[in-house]
Amino acid sequence: MATGSINVSVENIFPLIKKFLYSDHEIFLRELISNATDATLKLKHLTNIGEAKVEYGDPRIEVKIDSENKKLHIIDQGLGMTADEVEKYINQVAFSGAEEFLDKYKDGAKDTGIIGHFGLGFYSAFMVADKVEIITKSFKDEPAAHWTCDGSPTFTLETAEKADRGTEIILHIAEDSTEFLEESRISELLVKYNKFMPIPIKFGTKEETLPKAEDAPEDAEPEKVTVDNIINNPSPAWTKQPSELKEEDYKGFYRELYPMQFEEPLFNIHLNVDYPFNLTGILYFPRLGQDMNLQKDRIQLYQNQVFVTDNVEGIVPEFLTMLRGVIDSPDIPLNVSRSYLQADGAVKKISSYITRKVADKLNSLFKNDREDFEKKWNDIKIVIEYGMLSEDKFFDKADKFALYPTVDGSYFTFEELQEKIKDSQTDKDDKLVILYASNEDEQHTYIQAAKDKGYEVLLLDSPIVSHLIQKLETSKEKITFARVDADHVDNLIKKDEETISKLSDEEKETLKTDLEKVVPATSYTVQLEALDSSSAPFMITQPEFMRRMKEMQQTGGGGMNMFGNMPEMYNLVVNTNHDLISKIMTEKEDTNKEAIIKQALDLAKLSQNLLKGEELTAFVKRSYDLI
Ligand code: ADP
Ligand code: MG
C-alpha cells in the first residue's frame, strides 16, 4: 500500500481561480475592501486588548484610480503584515488568516465583525488584474514588505520603504477589465457592496459649502472647501439598539436604502438576536398593491455589513419577500445552492424567527392602535393573507389579528365575525354562512339584496382570497363561505318560516316549459324558487365551488387545469312569488311572453355584468321599443 498527498500545484489552480472563483468579476473589489476592513478591525481589537501598543486613531480605507498607469489602489491603515506574514497568509492559497485570527482570539474577537472566511478572497484580484502588488507595513516594529506577482505562481518579496502602518494593494488592471478604471463603475460598485461597511471608505474628494458664519455680510459668497468623499455610512441603523432609534431614524434609513422610493414605509420591524444564531436587521412594510410578483427582491442580505445579495429566497419565507429592508447575519451559509439552503437547520431557524417577529409586531400594532391598523389593512393584507396560506405557524398567530372588512367599512376579526352572525346566518346543518363580495361595483345588486335581508357582507378583494377562503373552511369548524352572487343566499341561510309557493305543481311545470323555450340551456339551469315577493324575479347565480376552483387555478394552485377549462355555468333563479311571474303566466300572446322573459333575463344578466356586445345592443333597442 502506498500513501501520500496529492500534489495540487498552484500552476493549475491559478487559471481556475481566475475563471471560476466567482462568476461575477466585480466582486474582487468587495473582497479587497473586506480584507482592508478586517485588517483595520483586527488592529482595533489588538489595541483594545493591549496587544498592539500603537494609537488606533481614526483609520480609513482609500480607493484610488490611476487611469494613466492603468492601476487601481486599495489602501488601508490596518494592522499590516510583516514579510513572514505575507509568506504565510498570501503565499499559502486557501489559508484564511481571518479564520486563524478568530480562532486565536476566540470569544473576545467574536463580535469584531471580521469578514474573511475561506482564504481565497485576495486571489479574486487576479480576475481583473494581470499583476498585483502588496506594499505593507506591520504595526510591529519590522521593515515594510513588497510582494509582486504577475499571475504565474512565481512571486517576488523584498523590503520596501513604506513608513506608515497599513497595506496598499495595487492592481495592474488587465486589458479586458479596463471598466474597473472608470470612476463611475467603481463608484457604482462601492455603493452596491460597501455602502454600510464599518470603516469609512474614501473615494476621491468633493466640494462642500460651509455654513455661513454669523457675522458674515449678507452678500458674502458662501465658502467652499474640498473634503474627502466618504462613500459609506459605517454605522447604519440596523447595527444599533432599537432603544437608540426613533421613528425618524427608521424612516431616514429607509430613504438611505431606497433613495428612489418616495413613499414612506408603513412600519418597521427591528430584528436583533444573538442566540442561537446571529442576526440583525430592519424590515419595512411598504404600501403594497395587488400584484405580488412585482414586489420581490427588495430585501438586502448583508454579512457583517458587507452586501451579499438582494435575493433572499430560501432565507426569508416566501411571503415576506414582499417586504423591504436589510438582514445581516454571518451565520447564513452562502457558498451553497439555494435548495440546500432551505434544508439547512440554521437557515430554518432564522426563517422561523423572522416569521415570528413579524407576527408579533403585527399583533402589537393591532392591539395598541386598532384604528390605525384598520387603516393600513388594505396595504398590508396581501402579505398577511399570503402568510396565512403558506405558513401554518403564521396562520395561528395571524388568526388573532387578520381582519375581515365589510362592504360598510367595519373590520372584524374572525372571532368577532362569528359572534356577530351566529344567530342570523346559519344553514340547515348549523354551519355559519359567511357572505362576501369580491367587487363592490360588479356585485352591487347582490350585495344590496343581502343587506336588505339584514346579512353582513364582507368585502374580500385580494387576488388570493379564494385560496384563503378554502384554507379557512378547512381549518375552522362549521363555517362556509358564499359569494353574494353564489347559489341564492336565501337558500343557504336557514330561516324560521318558509315562504309558501303561490304556484301549484302543474303551474310550475308550464312555467318551466315556457322559460326553457327562451333561456339558452347551454348556459343556464332554470331553478324555480318560492322567495318572498320583494326579491327580484330573475337572478343569475353561480355555483360557489366551481367559481372558486376556477379562480384558484387562475392565481396558481394545483397542477391540472381541469376547472379552468370548464365552461361558465350559471343558474337562473326564478322567484315564483314575484308579480312578474303571474304576468308571464297569464300572457296569451307567445311573442309577448317571449319578449317579457327575454327582457327579464337580460336585466338579470345586466346586474351580473354578463350583458355585453350584440346582446347589450339588442337589449337597449328592445327597451326603447317597450317604452
Ligand atoms: P480571508 O480574508 O478569507 O482570510 P483572503 O484571501 O481574503 O482570505 O486573505 C488572506 C489573508 O491575507 C487574510 O486573512 C489576511 O491575513 C491577509 N491579508 C489580506 N489582505 C490584507 C490587508 N489588507 N491587510 C492585512 N492582511 C491582509
Ligand atoms: Mg478576505
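**Exercise 1.** In this predicted model, find which helix gives the most residues to the nonpolar surface patch.

Solution. Start with the members: L603, L606, L616, V620, Y624 and I627 form the patch, and together they have about 610 Å² of accessible area. Next, assign elements: α18 and α19 (613-626) are those that give two or more residues. Of the elements involved, α19 gives the most, with three residues.

**Exercise 2.** Decide whether L603 is buried, partly exposed or exposed.

Solution. L603 is located in helix α18. Its relative accessibility is 46%. Buried requires under 20% and exposed over 50%, so L603 counts as partly exposed.

**Exercise 3.** Determine how the buried residues of α12 are placed around the helix axis, and what covers them.

Solution. Helix α12 spans residues 444-452, and its buried residues are Y446, I447 and A450. These cover an arc of only 100 degrees around the axis and therefore lie on the same side of α12. This fits the general rule that an α-helix has 3.6 residues a turn, so residues three or four places apart point the same way. The cover over the buried residues includes β16 (432-437), β17 (457-459), β20 (538-541) and α18 (590-607). After α12 comes G454, with a positive phi near 85 degrees.

**Exercise 4.** Work out which strands pair with β1, and in which sense.

Solution. Strand β1 (residues 61-66) runs parallel to β7 (residues 201-209), joined by two bridges; here E62 is opposite K202. With β2 (residues 71-76), β1 pairs in the antiparallel sense over five bridges, and K64 has H73 as its bridge partner. The β1-β2 hairpin has four residues between the strands, and K70 adopts a positive phi near 55 degrees.

Notes
Residues numbered from 1 in each chain as written. Chains lettered and ligands numbered in written order. Predicted model: local features only at pLDDT ≥ 70, side-chain atom pairs only at ≥ 80, totals over all residues. Heavy atoms only, no water. Buried < 20%, exposed > 50% of the residue type's maximum accessible area, 1.4 Å probe, protein only. Arc of directions from axis to C-beta. Contact = heavy atoms within 4.5 Å. Patch = residues over 30% accessible without salt bridge, like charges linked within 9 Å, V, L, I, M, F, W, Y side chains within 5 Å. Areas by Shrake-Rupley, 256 points an atom, 1.4 Å probe, with all protein chains shown as cover. Salt bridge = Lys/Arg side-chain N within 4 Å of Asp/Glu carboxyl O. Pairing = 2+ DSSP bridges.
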